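Please look at the sequence and the model side by side, and keep both in view while reading. The paragraphs below go from single residues to the chain as a whole and then to a pair of helices.

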Amino acid sequence: MPLADRVLTIRRDPHSQEVLARGGDIEAHCILQRAGFIPVVRVHDSYHRAPTGLDEHDERRLATEAVARLRAVGYHVDCDPGFDTDRRPARDLPLGALVAQLAERIRQATTTDEAADALTELTASHDGILAAIDQVLTATAEFHDGLGDAADAHIARRLRYLADERLHVIRTDLAHTRDALADRHAPHPGRSTCTQAVPAHERERSAVCACPPPPRTVTVAPPPPVAARVRR
């Protein structure tokens, strides 16, 4: 039997006639969003739905695409017959996963230079990740400028505010952090690279590397109860 978080249903609700997807884990939810579904979070329920305003053909196409993508990476999907498909599209690594590799580089960094190199990809002034996010926010604001609804102008102003104020603070702080690390040229005192080399003078045959033992953790005794410390 498949694990519960690897099982989903994609069906047309008999009451609302909406195409709904239920179940799955975080990865499945991301696949549903990329297929076009919209997440819905309620107090006692959460699921994904097809966007409003689609005709039946587009809903079927969207649901079928979601079934194909989910099954291609090993999910068990129970669906309406009209959504069933044998297609298994190849899955490219999402852009977010590529960016997350920077976090792994920082986790494995043993020097300030290595950490600074990873942060440079975020903070580069012209083609860094944060500069690209600035462009996305600005482009989305420009898109809303021409939509014509009363709320669109407000959304455009809000997006420009996020780019000019909130994102600017993040870019500035991270850039200072990156530059400070680049100037230090220091090893991280809590991290070291193990060469797995045994020194020639090592007497223990069980030794596998020259790394020093981890520091001992000193256990601090808890303070005595309040009643015991009060003098009468």
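A good place to begin is E27, which is partly exposed with a relative accessible area of 32%, where buried means under 20% relative accessible area, exposed means over 50%, and partly exposed covers what lies in between, using a 1.4 Å probe and protein chains only. This is a predicted model, in which local features need pLDDT of at least 70 and side-chain atom pairs count only at pLDDT 80 or more, while totals for chains, interfaces and linings use all residues. Residues are numbered from 1 along each chain as its sequence is written, and side-chain values use heavy atoms, with hydrogens and water left out.

E27 belongs to helix α1, which covers residues 26–35; helices (H or I, at least four residues) and strands (E, at least two) are DSSP runs, numbered from the N terminus. Setting aside neighbours within four places in sequence, E27 is in contact with R6, Y75 and R91, and contact here means heavy atoms within 4.5 Å. Along the chain E27 and L70 are 43 residues apart, yet their C-alpha atoms are separated by 9.4 Å.

With these terms in hand, the chain as a whole can be described. The protein chain has 7 helices and 5 strands, and, read along the sequence, they follow the pattern β-β-α-β-β-α-β-α-α-α-α-α. Of its 232 residues, 24% count as buried. Among the contacts in the chain with a separation of 6 or more, 49% are accounted for by residues 24 or more positions apart.

One such pairing of distant places in the sequence can be followed from R11, which is found in strand β1, residues 7–12. R11 is partly exposed, with a relative accessible area of 33%. Leaving aside neighbours within four places in sequence, R11 is in contact with E18, V19, L20, D78, C79, D80 and F83. From C-alpha to C-alpha, R11 and F83 are 8.1 Å apart in space, although their positions lie 72 residues apart in sequence. The side chains of R11 and D80 are joined by a polar contact of 2.8 Å, a polar contact being a pair of N or O atoms within 3.5 Å, of which, within protein, one must be able to donate a hydrogen and the other to accept it, while residues adjacent in sequence count only if both atoms are side-chain atoms.

Another arginine, R71, is found in helix α2, residues 56–72. Not counting residues up to four places away in sequence, R71 touches V77, C79, D84, T85 and R88. Which atom of T85 does the side chain of R71 reach? It is the backbone oxygen of T85, at 3.4 Å. T85 itself lies in the loop between β5 (76–79) and α3 (95–108), and T85 is buried, with a relative accessible area of 15%. With residues up to four places away again left out, T85 touches T64, V67, A68 and R71.

C79, which is touched by R71 and is also in contact with R11, leads to the cysteines. C79 is buried, with a relative accessible area of 10%, whereas C30 is partly exposed at 30%. A disulfide is a covalent bond between the sulfur atoms of two cysteines. How many disulfides does a search of the whole structure find? It finds 0, where a disulfide is a pair of cysteine sulfur atoms within 2.5 Å.

The backbone deserves a look as well. Most residues other than glycine have a negative phi. Q17, however, has a positive phi of about 65° although it is not a glycine; Q17 is placed in the loop between β1 and β2 (19–23) and counts as partly exposed at 42% relative accessibility. H185, also a residue other than glycine, has a positive phi near 50°, and H185 is found in the loop between α6 and α7 (226–229), where it is exposed with a relative accessible area of 57%.

Finally, consider how two helices meet. Helix α5 (residues 129–145) and helix α6 (residues 150–184) pack at an angle of about 170°, with their axes 8 Å apart; axes are lines fitted to C-alpha atoms, for helices over the stretch in contact, and angles run from 0 to 180 degrees between N-to-C directions. That makes α5 roughly antiparallel to α6, because angles over 145 degrees count as roughly antiparallel, under 35 as roughly parallel, 65 to 115 as roughly perpendicular and the rest as oblique. The residues making the contact include L130, I133 and L137 of α5 and I155, L159 and L162 of α6. By class, the contact has 13 nonpolar, 2 polar and 6 charged residues, where Ala, Val, Leu, Ile, Met, Phe, Trp, Tyr, Cys and Pro count as nonpolar, Asp, Glu, Lys and Arg as charged, and the others, Gly among them, as polar.
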